[in-house]
Amino acid sequence: MKTNKNYNNLVPNYLFAEIAKRTNNFLKENPDKSLIKLGIGDVTLPLAPVVVEAMKKGADDLGKKETFKGYPDYEGYEFLRQAISDYYKGFGVDVSADEVFVSDGAKSDCGNIGDIFSADNTVLVTDPVYPVYVDSNIMAGRKIVYAASNQENGFAAMPDENVKADIIYLCSPNNPTGSAYTYDQLKEWVDYANKNDAVILYDAAYEAFITEDLPRSIYAIEGAKSCAIEFCSLSKTAGFTGTRCGYTIIPKELERDGENLHALWYRRQATKFNGVSWPVQCAAAAVFSEEGQKQIKENIAYYQENAKIISSALDELGIYYTGGKNSPYIWLKCPNNMGSWEFFDFLLNEANVVGTPGEGFGQNGEGYFRLTSFGDRENTIEAVRRIKELLKK
Ligand code: MLT
């Protein structure tokens with residue numbers, strides 16, 4: 001037998017597993033230190049009350065013969081797919097319920113979507129990049145090319161006509177840099193994909209954090225339905241990082257290489273995925289109700305205020321950063337030209353604050369660092385106080 005040797009081409013640890021390992025080692029050696037974690041983008045506020053109620057009711061349904069549910073539909077229950085379609089209508093984007101696939105989150109779908117594409121395709125990612133896009137394609141043995149996001153382009157990489165790519169991952173608002181594409185910038189990517197017969201895999205996991213007039217979905221761009229698949233998630237929008245629910249949109253008209261991509265994904269999901277549980281789909285539908293939207297927006301506003309607290313401190317310290325405004329992430333230049341892992345260790349040891357080293361997201365992340373606004377308020381204020389004290393010295 002043979003194992004998948006492509007795994008030998010991966011970095012040894014998934015980025016956030018490596019950070020957890022280093023953090024746990026630090027805690028073992030310094031058990032009395034009070035560590036503040038602003039590393040992985042994991043939420044800290046509880047689920048909205050209306051969501052919890054819906055989940056409880058869903059669990060009750062499973063306990064009664066008349067309302068018991070077995071296997072859910074592979075693509076998700078109609079009421080949830082319709083609620084998602086209506087949500088898109090709310091910001092002027094037309095996505096029909098039968099273009100939506102409910103899933104257990106954007107991370108799995110962003111990785112698994114590769115099942116419907118040949119291993120011969122060339123994948124383009126912007127760099128720095130969410131490691132899942134890179135790692136899952138290394139596992140599949142695909143060639144990866146990088147489009148540089150850097151300080152010169154405001155960490156918003158743009159297409160290059162001289163670079164050939166078949167599959168393009170875009171994430172806006174971006175993880176890790178917090179930058180967000182404008183309508184004109186996204187249009188350039190859509191035109192590039194249509195012209196080159198490529199497919200855009202668009203990760204919109206952070207769309208709910210947009211505060212300015214920027215696209216919330218790639219389908220806000222003319223021509224996107226003939227080249228783009230969109231992934232989204234309730235993880236950051238509604239605190240579902242542990243609950244697990246997301247969705248993927250594949251337009252019915254999207255075809256490549258003589259195949260309908262919606263049909264291929266349905267076939268893949270029916271074979272490898274048995275859907276999201278009834279209580280969780282009930283909870284997810286409650287997110288899109290009027291009361292649900294009101295309640296989750298309060299939580300998002302809380303994180304946005306955290307982001308303001310972090311970015312105001314960086315303004316005070318005169319440190320360059322992107323994000324924070326349309327994104328829960330703040331991407332900063334490491335002070336005194338420190339390397340990103342060097343700054344990680346420095347912050348961990350001297351301020352007992354954990355962030356994410358930019359280098360972990362790719363070559364262009366070297367010298368940069370990511371902080372998340374998903375911490376609780378008290379910890380965010382304390383972390384900022386410690387960072388200011390340390391860097392003002
Ligand atoms: C992150 O910190 O980048 C995210 O939490 C990762 C994820 O969403 O999987």
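Outside its neighbours within four places in sequence, F240 of this predicted model is in contact (heavy atoms within 4.5 Å) with L47, V51, L234, S235, C245, V280, A283, A284 and V287. F240 is also among the residues with the most contacts inside the largest nonpolar core, together with I168, I200 and Y247. This core has 63 residues, a nonpolar core being a set of buried Ala, Val, Leu, Ile, Met, Phe, Trp, Tyr and Cys residues joined through side-chain atoms within 4.5 Å. Its largest share, six residues, comes from helix α9 (residues 278-287), helices being DSSP runs of H or I with at least four residues, numbered from the N terminus. Another core, of 35 residues, lies apart from it and includes L35, I330, L371 and A383.

Salt bridges (a side-chain nitrogen of Lys or Arg within 4 Å of a carboxyl oxygen of Asp or Glu) number 22. One of them joins R22 and E18, with N to O at 2.9 Å; both residues lie in helix α1 (residues 15-29), four residues apart. E18 is buried at 17% relative accessibility, whereas R22 is partly exposed at 29% (buried, under 20% relative accessible area; exposed, over 50%; partly exposed, in between; 1.4 Å probe, protein chains only). K164 and D166 form another, at 2.7 Å; K164 is exposed at 54% and D166 buried at 17%. E382, R385, R386 and E389 are joined into one network by salt bridges that share partners.

Local features required pLDDT of at least 70 and side-chain atom pairs pLDDT 80 or more, while totals for chains, interfaces and linings use all residues. Residues are numbered from 1 along each chain as its sequence is written, and side-chain values use heavy atoms, without hydrogens and water.

How values were computed. Helix = DSSP H or I, 4+ residues; strand = E, 2+ residues; numbered from the N terminus.
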